[in-house]
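These are my notebook entries on the strands, sheets and cores that I looked up. I began with a strand and worked outwards from there.

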Amino acid sequence: MTGISVTFGGIKALTDVSLTVEPGQVHGLIGPNGAGKTTMFNVACGLVRNSEGTITWRGEELRRLRPAQLAGLGIARTLQGVGLFPGLTVLENVMVGAHKHAKAGFFSALLAIPTADRDDARLRERAMTALAELDADDYAARYPGSLPYPVQKRVALARALVSEPELLLLDEPASGLSEDEMHELGELIQHLSGRMSVLLVEHHMDLVMRVCDQITVLDSGRQIAAGTPQQVQNDPAVTEAYLGDAVDDTTDVSELAGTDGGTHRG
Ligand SMILES: Nc1ncnc2c1ncn2[C@@H]1O[C@H](COP(=O)(O)OP(=O)(O)OP(=O)(O)O)[C@@H](O)[C@H]1O
């Protein structure tokens, strides 16, 4: 992504931000509240349109990226929160993520079209494999609403993984997780980077510093630093940006709590 700018109703949320997720690398996107991380992430998913800049994927410029195109491009994402379908079982939710691999497709399978039987079996197998990788296969027959939040997050991740993406976009995957669960998530992300690239938007610095190969730091919609975890940690501009945020947090943290990232920083 090169020279990305985004304007919301006259307000610039991003100004000339560039980042490249290299193959097989974990790229962290960090910054204080309201820095523009979610906006940049949403541009990468096709949920927000950039007013300037270019997105290049597999050597080709994507002129108009739409969320529905992602799977076909080999890109999968998880969003903040969980976003599972409450009326489908865990297994069915994950199968939705795999449907591009089936000839007839999951939806034909739901309609019980006979020719879909073989595809359905393949989908189930793939979905079960993804759930097993996330240690969530025991919950296959359960409904998401009956499961603890961290398990729901694992299922959402399984749904993203089942399409075997080349690039996985993760928006705050550690939110709501315990220390132990976060540690496991870190190990999983490192493990996954053996077979895909990862763009990680995350507030938990210890996780970011542990798993990322490269980090881009935003503040007030601008890129203020980029480099390895060590380079970024030693960058005075980064410390300064976070120090300012800590002061803000004491005043408006309750206002920010429970929002989905489209928050204003006083
Ligand atoms: N849909 C929107 N309409 C108007 N302004 C928006 C919208 N989404 C984000 N913004 C603004 O754009 C800026 C960047 O917000 P963004 O949510 O991308 O930051 P962030 O770094 O993800 O923040 P947080 O860590 O709090 O989630 C903020 O000033 C925010 O208020």
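**Entry 1. Strand β3 and its partners**

Which strand do 4 bridges join to β3, and do the two run parallel or antiparallel? I found that strand β9 (residues 197-201) is joined to β3 by 4 bridges and that the two run parallel. I note here that the model is a predicted one.

For the register I looked up Val 26, whose bridge partner in β9 is Val 198. I then turned to strand β10 (residues 214-219), which also pairs with β3 in the parallel sense, over 4 bridges. Here Gly 28 of β3 has Ile 215 as its bridge partner in β10.

Next I asked which way the residues of β3 point. Val 26, Gly 28 and Ile 30 point one way, His 27 and Leu 29 point the other way, and all are buried. Since 5 of the 5 residues of β3 (residues 26-30) are buried, I recorded the strand as largely enclosed by the rest of the structure.

**Entry 2. The sheet of 6 strands**

I then placed β3 in its sheet. The sheet is open, has 6 strands with mixed pairing, and follows the order β7-β8-β9-β3-β10-β11. Its edge strands are β7 (75-78) and β11 (222-227), each of which pairs on one side only. From one strand to the next, I noted an average twist of 15°.

Within this sheet I followed strand β8 (residues 167-171), which pairs with β9 in the parallel sense over 5 bridges. Helix α1 (residues 37-45) lies across β3, β7, β8, β9 and β10, and runs at about 150° to β8.

**Entry 3. Asp 171 and Glu 172**

Is Asp 171 buried or exposed? I found a relative accessible area of 2% for Asp 171, so this residue is buried. Asp 171 is found in strand β8, and its bridge partner in β9 is Val 201.

I also listed what Asp 171 touches, leaving out residues up to four places away in sequence: Thr 38, Phe 41, Thr 78, Leu 79, Gln 80 and Val 201. For the distance to Val 43, I noted 12 Å from C-alpha to C-alpha, with the two positions 128 residues apart in sequence terms.

I then looked at Glu 172, in the loop between β8 and α7 (179-192). Its relative accessible area is 13%; the cut-off for buried is under 20%, so I recorded Glu 172 as buried.

What is the phi of Glu 172? Its value is near 50°, which is positive although the residue is not glycine. Most residues other than glycine have a negative phi. I found a second entry of this kind at Asp 16, which is not a glycine and has a positive phi of about 55°. Asp 16 lies in strand β2.

**Entry 4. The sheet of 3 strands**

Asp 16 led me to the sheet that holds β2. This open sheet has 3 strands in the order β2-β1-β4, with antiparallel pairing. Because β2 (11-17) and β4 (52-54) stand at the edges with a single partner strand each, one side of each is left without a neighbour in the sheet. Ignoring direction, I noted that neighbouring strands are turned by 20° against each other on average.

Strand β1 (residues 2-8) pairs with β2 in the antiparallel sense over 4 bridges, and Phe 8 stands opposite Ile 11 in β2. Helix α1 packs on this sheet, touching β1 and β2, and its direction makes about 110° with that of β1.

**Entry 5. The nonpolar cores**

Which residues have the most contacts inside the largest nonpolar core? They are Leu 131 and Leu 168, in a core of 48 residues. Helix α6 (residues 149-161) gives the most to this core, with 7 residues. I also noted that the core draws at least three residues from each of domain 1 (1-74 + 165-249) and domain 2 (84-164).

For Leu 131 I looked up the contacts, setting aside neighbours within four places in sequence. Leu 131 is in contact with Val 90, Leu 91, Val 94, Ala 136, Asp 137, Ala 140, Val 155 and Ala 158.

Lastly, I recorded a second, separate core of 27 residues, which includes Phe 41, Val 43, Leu 65 and Leu 218. Phe 41 had already appeared in my notes as one of the residues that Asp 171 touches.

Definitions and conventions:
Residues numbered from 1 in each chain as written. Predicted model: local features only at pLDDT ≥ 70, side-chain atom pairs only at ≥ 80, totals over all residues. Heavy atoms only, no water. Buried < 20%, exposed > 50% of the residue type's maximum accessible area, 1.4 Å probe, protein only. Pairing = 2+ DSSP bridges. Axes fitted to C-alpha atoms, helices over the stretch in contact; angles between N-to-C directions. Contact = heavy atoms within 4.5 Å. Core = buried A, V, L, I, M, F, W, Y, C linked by side-chain atoms within 4.5 Å. Domains from an automatic or database assignment.
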